[in-house]
Amino acid sequence: MRVSGLAVALLVALSLTPLHAQQAQPTPSASAPQSVPNDGIRTEATVVVEGEQPGPGMWIVRKDNHDLYILGTLSPLPAKMQWQSAQVDRVLAQAQEVIRAPYAGFKVDVGWFKGMLLLPKLLGARNNPDDKKLQEVVSPASYARWQVLKSRYIGSDSSVEKWRPIFAAQELYGKAMKKQGLDGNNILAPVINKAIETHHPAVTVVKEEIVITDPKPLLKEWSKTTLDDLVCFDKTMTQLETDIDAMRARANAWATGDIAGLRALPPAYQWEACSNAISEAGIGKRLGFGDASRKVEAKWMAAAEAALGKNAVTFATLPLNKMLGSHGYLAQLQSKGYTVIAPDE
């Protein structure tokens, strides 16, 4: 039996797309302009849209009469948004294939009973080695920032003070998103999955998965491993201190289909500092995780080119950060001679 999600709890790899959307008017949530609060963290007055929203149009990669429609995804998105997915449903009704967003991660194969016995150890692996508190492993300046943000977003819960910086950062980020009216979960997946079930295209899963059949030695090693996750901790706090307004603006631009707005805003925060804390640690390198991102990118490119060679219509999703830019998936496909059409062209 596969213990799903075990790897996420153990080695959280933070890492952690012409049909045009008809633009809907934002329905703002009730929010008044905010001044600088007592904790010194400025929160701008950008309101987060609610209700039915169209999302962005899709990029099209074209070869002769073969089209690959790509929905660019974003996180976080407005928590109270209902995505109008009619355009995606129309594409999926014609698609011969769906290419899932690529991912790399760990999978632990153990029996159910053995998995239950491992859970206490697994939860302990979230804590700092030698029972150290967060205050003992981060700099005094970082801990002072942490106290301000923790008070604002988490409150008095002291259990997080035992956690490794990477896990404490995750908890802080999740609580902050909730308070800002944003949702960092994949709220698009259930809608897309339902359309796939309705229209029955072939589904291609692109993944680089490292299977762990005996996690006990790994858990023992992990519990004694010190991660280089202080950069992750600091960068996550910096994002919450400086980027909240841009996060809301990006979420609104995605929800309302504002492609120009998405282009004008700085790119969303990338979690490389956090994922590298795992992949570049000795334990990650030993398991082969350090090279996983490159491998999975090559697999996605191969799947996309194969689909463009055989399908009239293919649908895919990709994170906007990975899709756009001079080294993104679209630039790579364009360099190979494929035509790329943006939603607003």
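Axes are lines fitted to C-alpha atoms, for helices over the stretch in contact, and angles between them run from 0 to 180 degrees between N-to-C directions. The model used in these exercises is predicted.

**Exercise 1.** Describe how helix α5 and helix α6 are arranged relative to each other.

Solution.
Step 1. Locate the helices: α5 covers residues 140–153 and α6 covers residues 165–179.
Step 2. Take the distance and the angle: the two axes come within 9 Å and cross at roughly 45°.
Step 3. Classify the angle. Values under 35 degrees count as roughly parallel and 65 to 115 as roughly perpendicular; α5 is therefore oblique to α6.
Step 4. Give the hand: the crossing of α5 past α6 is left-handed.

**Exercise 2.** Identify the residues through which α5 and α6 meet, and sort them by character.

Solution.
Step 1. On the α5 side, the residues are W146, L149, K150, R152 and Y153.
Step 2. Their partners in α6 are A168, L172, K175, A176 and K179.
Step 3. Sorted by character, the contact of α5 with α6 has six nonpolar residues, four charged and no polar ones.

**Exercise 3.** Decide whether L68 is buried or exposed, and describe its surroundings.

Solution.
Step 1. Place the residue: L68 lies in strand β4, residues 66–73.
Step 2. Apply the cut-off. Buried means under 20% relative accessible area; L68 has 0% relative accessibility, so L68 is buried.
Step 3. List contacts beyond four places in sequence: among them are W59, I60, V61, W300 and F315.
Step 4. Compare sequence and space: L68 and A307 are 239 residues apart in sequence, yet their C-alpha atoms are 7.7 Å apart.

Methods
Residues numbered from 1 in each chain as written. Predicted model: local features only at pLDDT ≥ 70, side-chain atom pairs only at ≥ 80, totals over all residues. Heavy atoms only, no water. Helix = DSSP H or I, 4+ residues; strand = E, 2+ residues; numbered from the N terminus. Parallel < 35°, antiparallel > 145°, perpendicular 65-115°, else oblique. Left-handed = near helix turned anticlockwise from the far one by under 90°. Contact = heavy atoms within 4.5 Å. Nonpolar A, V, L, I, M, F, W, Y, C, P; charged D, E, K, R; others polar. Buried < 20%, exposed > 50% of the residue type's maximum accessible area, 1.4 Å probe, protein only.
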